[in-house]
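Subject: Handing over the model

Hello,

Here is the structure for you to look through. My notes come after it.

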Amino acid sequence: MTRDGQAVGAVGKSRPGWRPDKLRQQREAHGLTLEGAGEQLREVARAAGLAVPAANFQTLWQHEQGEIYPGPHYRRAYCLLYRATEPELGFRNALPDEARKLKFTASSEPHNGAHVLAVERALLQLAPGTEDSDGQGMQQRILDAWKRRHTGGDPNKPTLLMVGGYAGSGKSEFARFISQLTGWPVLDKDPITRPLVERLLMEMGSEPNDRHTDLYREKVRPLEYQCLLETAYANIDCAISTVLSAPFISEATDPRWMRRLINRCEARGVTVAVVWIQCDLDTMHEYISFRSAARDSWKLQNWDSYAAGVDLELRPVVPHLVVDNRLGAAISLTDQVRQVFGTVFQ
């Protein structure tokens, strides 16, 4: 008993707001045994397309006793199962003004009031990052695209939506969420360029997972972004709205680079919108550790050195929107919106 108490106290210091007892209270309020909760966790994760946790009763018991802090896949599944946010389940303290529990139920009707409210609430995550950024305009553009997806036609000009941020910030998840709402295709830098990058690095005498040396940064990285943009331009030339997902650390902070991109898009009648995913180091470290990508091995092995080069205040030089994903708050909300929609997102 003492050992359990020490475990809770020790980890609680590094996880502000962690209350394991709330998780047990939620399970008991739903009338679930540990085994039953595990079965439902697996089902809800599978239905949502998330990494399916093992969710055996021993692990769930350790979560509730405070011996093990649930990883990101468990926390996302718990939130979906209990229709609650991480703060409500006692995983952490709430951020200022963080959206609370969604009060909607799933429906087979794609355009009823509850669904519209759910989308609007999620799109409030797109907050203006600069005074001249049209946050409401971009929210409305995405909402219009969703509403018209099944009726045909969109009154807005095609959009190139750039989703940027540091590794592990939640870029890919948020880009996929926007794609599910709008039907716009997602072009993610890593899957598009990884095979080429790995072979090129090996041919140049480096390691395939090199993402930190001068050789990669000066010789290979520019080609990655060139490949990504050329792919995007193929859509832009056909007036197809597209979502780009990549860090854009150097690009979004380079006025000349951004001006060239905006000029080319505007010449084709395409609007460029930039979304920056704000995150904290602990959450980024957790996401990177969880995805276990080989390209992240250097970051994890040299985390202090890598983290020293991360500027949490970095922002694009052009008008942009900011999604606050500190502590995974925005991604948790998009998970719940997906669940609200059910088959609408299939």
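What follows covers one strand and its neighbours, one helix, the salt bridges and a few loop residues. Bear in mind throughout that this is a predicted model.

**Strand β6 and its partners**

Start with β6, residues 321-324. Its side chains alternate: Leu321 and Val323 point one way, Val322 and Asp324 the other. All of them are buried, Asp324 included.

β6 pairs with β1 (residues 127-128) and with β5 (residues 271-278), in opposite senses. The pairing with β1 is antiparallel and rests on two bridges. There, Ala127 has Val322 as its bridge partner. The pairing with β5 is parallel and takes four bridges. On that side, Leu321 stands opposite Val275 of β5.

**Helix α11**

Next, α11, which spans residues 255-267. Its 13 residues reach 18 Å from first C-alpha to last, close to the 18 Å expected at 1.5 Å a residue.

Which residues of α11 are buried? They are Trp257, Met258, Leu261, Ile262 and Cys265. Seen down the axis of α11, these fall within an arc of 125°, so they line one face of the helix. The general rule behind such a pattern: an α-helix has 3.6 residues a turn, so residues three or four places apart point the same way.

The buried residues of α11 pack against three elements: β2 (159-164), α10 (214-236) and β5. β5 is thus a shared neighbour: it takes the packing from α11 and pairs with β6. The face of α11 turned away from the buried side carries exposed residues, namely Pro255, Arg256, Arg260, Glu266 and Ala267.

Look at both ends too. At the start of α11, a side-chain oxygen of Asp254 comes within 3.0 Å of the backbone nitrogen of Arg256. After the helix comes Gly269, with a positive phi near 75°.

**Salt bridges**

How many salt bridges does the structure hold? There are 18. Three pairs and one network deserve a look.

- Arg24 and Glu28: the closest N and O atoms are 3.3 Å apart. Both sit in helix α2 (residues 20-29), four residues apart, which separates them by about one helical turn. Glu28 is partly exposed at 45% relative accessibility. Arg24 is also partly exposed, at 29%.
- Arg221 and Glu251: here the closest N and O atoms are 2.6 Å apart. Arg221 lies in α10 and Glu251 in the loop between β4 (242-245) and α11, so the pair ties together parts 30 residues apart in sequence. Arg221 is buried, with a relative accessible area of 15%. Glu251 is buried as well, at 7%.
- Arg291 and Asp296: their side chains meet at 2.7 Å, N to O. Asp296 is buried, with a relative accessible area of 1%. Arg291 is partly exposed, at 35%.

The network links Arg75, Glu86, Arg92 and Glu286 through salt bridges.

α10 thus turns up twice in these notes. The buried residues of α11 pack against it, and Arg221 in α10 reaches Glu251 in the loop between β4 and α11.

**Loop residues to check**

Most residues other than glycine have a negative phi. Two alanines have a positive one.

Ala55 has a phi near 50°. Its place is in the loop between α3 (34-48) and α4 (57-65). Is Ala55 buried or exposed? Ala55 is buried, with a relative accessible area of 2%.

Ala239 has a phi near 60°. Its place is in the loop between α10 and β4. Ala239 is partly exposed, with a relative accessible area of 44%.

Last, Gly183. This residue is in the loop between α8 (171-182) and β3 (186-188). Gly183 is partly exposed, with a relative accessible area of 39%. The C-alpha atoms of Gly183 and Thr242 are separated by 9.1 Å, though the two residues are 59 apart along the chain.

Best wishes

Terms used
Residues numbered from 1 in each chain as written. Predicted model: local features only at pLDDT ≥ 70, side-chain atom pairs only at ≥ 80, totals over all residues. Heavy atoms only, no water. Buried < 20%, exposed > 50% of the residue type's maximum accessible area, 1.4 Å probe, protein only. Pairing = 2+ DSSP bridges. Expected span 1.5 Å × (residues − 1). Arc of directions from axis to C-beta. Contact = heavy atoms within 4.5 Å. Polar contact = N/O pair within 3.5 Å; in protein donor to acceptor, adjacent residues only side chain to side chain. Salt bridge = Lys/Arg side-chain N within 4 Å of Asp/Glu carboxyl O.
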